[in-house]
Structures are given as C-alpha cells and as structure tokens.
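Student: I am new to this structure and would like to go through it slowly. Could we take a few places in turn, with the reasoning spelled out for each?

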Amino acid sequence: MATEVLPDDRALRLGRRERALAQMAAYDLDVLVLGRQANVRYVSGTPQLWVAGTRPFGPTCILIRDTGAVHLLSTWDEGVPDDIPHENLYGISWNPMNTIAKLQRIDGLAAAKRVGTDALSPGFAQLLPLVFPNAELVDGEQAMRAARRIKTDDEVAALREAIRIAEAGLAAAVAELRPGVTEQTLAGVLLEAVAAGGVSTPSTQDVAWVTSREHPWRRGNTDGVVHSGDLVALSAGVLGGGYAGEVGRTWPVGSPAATAGLYRRWDALWAKLSAACQPGVPASDLLDAYQGEALPPMPVARGLGMGFDPPVVSADLPQTAAGERLEPGMVLAVTGYVWEHGVGAVFGREAVLITDDGHEVLTTSPFWEGN
C-alpha cells in the first residue's frame, strides 16, 4: 500500500529556517547552496529519498537571505511544503549545464555577493560562477552547523519521538536475548520492531555484539552466537522524521553477579559524564570524566539531530573539545564504556538535553538498573 509523503510540521520547519537565515546574516551570506541531505531537509522541510551510501554534491536546495525564498531540486510536489511554491522547483537533469541554466533563471542569484555552499565538487566549482557571476564562493557549512547545534523546542520533541522508537526496538531485542541466539537474529528483531513503530530507516545496522573478554572494543567471538556468561552490547538507532534517536545498553546473559563490579564502574563513569553535562562547561570536561578509564576510539559525545551535529567530543580532537562550550538546547549522544579482562565490557549511550540550569536525560533508565 502506498504511503503519502508529508512535509515536516510547519512550526518545526519554519523554526529551523529562521535559525538558518539568522546564521546567514551572522556569516554575511546572501545565498546558501545546499547539497547535503540533512541540511536540505533542515531548510526545506521536505523528506528526501533515502539511499544507501553517499551522494555526490549537487545544488539541491537554494536559500535566499533577502526574501527567505527556498528553491528545491524536485520533479514533483509530493512532500514539498506549501511555503515552497511549484514555480520554485527545478527538475533533475543528467546534464549539469541544464541545471545551471535553471538556476540562472532564479531571481536574485546573479546579484549575490557572498554565496555559501555546504560542499563542492570540482565540476560545480567551475559551474556555479556562471550562476553567481558577482559572488565570492565561501564555506557555508559553518553557518549550517551553527544553526543546527542548538535545537528548537519542536526539534527536541521530534528527537524524543525518535528515541522512543529506538528504545522500543531495543526492548524487543532484549526480550529475545538468551544463550544460543545469534547477533544477526537480535539485529533482525530490533529492526523489525522499529519498522513496526513507523521507522524503516535505521541509523545503524550494527545492533548487537558479544563483547570481548580479551580485548577492549572488539567482538567476543567469530561465530556471532550468544553464550551464557556473555556481556552483549545492544545499540539502537533510528532516523525518524529526519532525526536520529540513539540508545545503547549492555546486558548480561545468565547470572549478573560476576559482572556487578563492572556495572558499578560504569555507573561511576556515568556519574562523572552526567556532572559534565552543564551549560557553559567546556566540552573537554566530558573527556576528563574518563580519567581512570580508557577513552573510547569513538566520540565520547556528539550532537544528535539530523545526523551528526556539533559538537563532536573526541579524544582525537582534544583542542576542539577544549574550545567548545556546552549550551542550552544542545542534544548530545553521550557514550560510556568500561572493560575488564576476563569479563568483557559494559557499553551505554544516553541522549542528553542541555538545559538552562543543568541537563535532562531523554533516554530511560538503563535496563540493568537494580540488577
């Protein structure tokens, strides 16, 4: 049965567009040329066709600062909101010169002085000056990152819904966790559950893995089968309404007594990570929370939103983390990880909203609480 494609809610998309226009003014951009799918949806409110892999850069969306007009690469009106009129749509073409000719007919582009793009290919680096003969082409991704780093109230509501669906999928996988089940089966159960919740696009398909007792951040076996005594990490992520909802948990298979000490270490780490989630605090405090524990080879925290949003707090970028300040309205995916030789690892990922006076954990209490 066909499903109607609807644009994002009016208040949601217009609130985002206002933030984008404000950052265009701050960065002195007359026009934004967007090709990255998350940026296109952020500005236009139009769901994009999901495909596996990456896409080459193309001028998919044009935002004009003076008028607030949005022009969109689309051959049909389905999913396009009514504030983007049909005459503002330009069709797909295999020949880039045809695309350039369509852009040249858009009012206001030829007079632009500063044009930002969120990416650029060698071909369009040569072609876009034909559309903007009087303009300097500059990096527009910085303006989009600045807009997306702080969430509107409507965005937080969308993130709550995505997280709810991710948690429902995780609960379904936990219900099937037992000796003899495979990691692949657990992944299938989780993906089926989130699809039943109305989301067919996972943010990750690496859902379940037995943690290694010999090495941190490795899988525990090669056959993908769960055995009694294993610690099984579960990671649920969905892209619901364009927003990434993520949650991670680790579950002991069999008696949890042997792993109680490891869970206490995770709780102690989380207490320090939680204490660092305060407005005005340097993002590097999240790295400092790992003192006494090995830092993970992935971001300790990163912005949740329409994909990877700022800030990205990683041991590989300590100076960047030191220069970042947490601000009210940021939503972070915060990762805690502890490991013990001969036992395995406890992995957890929580979604945290930075508020005016502290923070709110958007994910529910860990499943292992009380074990």
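Student: In which strand is the place of Pro311?
Tutor: The model is a predicted one, and the peptide bond that leads from Pro310 to Pro311 is cis, with omega near 0 degrees. As for its place, Pro311 belongs to a strand that covers residues 307-313, and that strand is β11.

Student: Which residue in the loop between α1 and β1 has a positive phi although it is not a glycine, and is that residue buried or partly exposed?
Tutor: The loop between α1 (10-26) and β1 (31-34) holds Asp28, whose phi is positive, at about 55 degrees, although Asp28 is not a glycine. The relative accessible area of Asp28 is 42%, and buried would require a value under 20%, while exposed would require one over 50%. Because 42% falls in between, the residue asked for, Asp28, is partly exposed.

Student: Where is Trp217 found, and what is its relative accessibility?
Tutor: Trp217 is found in the loop between β7 (208-210) and β8 (231-240), and its phi is near 55 degrees, a positive value in a residue other than glycine. Trp217 counts as partly exposed, and the relative accessibility behind that label is 26%.

Student: Is Asn39 of helix α2 buried or exposed?
Tutor: Asn39 is found in helix α2, which runs over residues 37-44. Leaving aside neighbours within four places in sequence, Asn39 is in contact with Leu34, Asp118, Glu141, Met144 and Arg148. Since the limit for buried is under 20% and Asn39 has a relative accessibility of 1%, Asn39 counts as buried.

Student: Which residues does Phe132 touch, not counting residues up to four places away in sequence?
Tutor: The place of Phe132 is in the loop between α4 (122-131) and β6 (136-139), and with a relative accessible area of 2% this residue is buried. If residues up to four places away in sequence are not counted, the residues that Phe132 touches are Val31, Val33, Leu109, Ala112, Val115 and Leu137.

Student: How many Å separate the C-alpha atoms of Thr259 and Gly79?
Tutor: Thr259 lies in the loop between β9 (243-252) and α8 (260-276), where it counts as buried at 6% relative accessibility. Not counting residues up to four places away in sequence, Thr259 touches Leu231, Pro252 and Val343. Gly79 is 180 residues apart from Thr259 along the chain, and the separation of their C-alpha atoms is 49 Å.

Student: At what angle do helices α6 and α7 pack?
Tutor: Two packed helices are described by the angle between their axes and by the distance between those axes. Helix α6 covers residues 153-175 and helix α7 covers residues 183-196, and α6 passes α7 in a right-handed crossing. The residues of this contact, among them Ile165 and Gly169 of α6 and Leu186 and Val189 of α7, divide into 11 nonpolar, one polar and no charged. The axes lie 8 Å apart, and the angle is about 140 degrees.

Student: What volume of space lies in the second largest pocket?
Tutor: The second largest pocket is lined by 13 residues, and those nearest its centre are Ile64, Asp66, Thr67, Asp107 and Gly108. The lining divides into six nonpolar, three polar and four charged residues. The space in this pocket comes to about 180 Å³.

Conventions. Residues numbered from 1 in each chain as written. Predicted model: local features only at pLDDT ≥ 70, side-chain atom pairs only at ≥ 80, totals over all residues. Heavy atoms only, no water. Axes fitted to C-alpha atoms, helices over the stretch in contact; angles between N-to-C directions. Helix = DSSP H or I, 4+ residues; strand = E, 2+ residues; numbered from the N terminus. Left-handed = near helix turned anticlockwise from the far one by under 90°. Contact = heavy atoms within 4.5 Å. Nonpolar A, V, L, I, M, F, W, Y, C, P; charged D, E, K, R; others polar. Buried < 20%, exposed > 50% of the residue type's maximum accessible area, 1.4 Å probe, protein only. 1 Å grid on protein atoms, 1.4 Å probe; cavity = no way out; pocket = protein on both sides within 12 Å on 5 of 7 lines; lining within 4 Å. Points joined across faces, edges and corners; volume = space filled by probe spheres on them.
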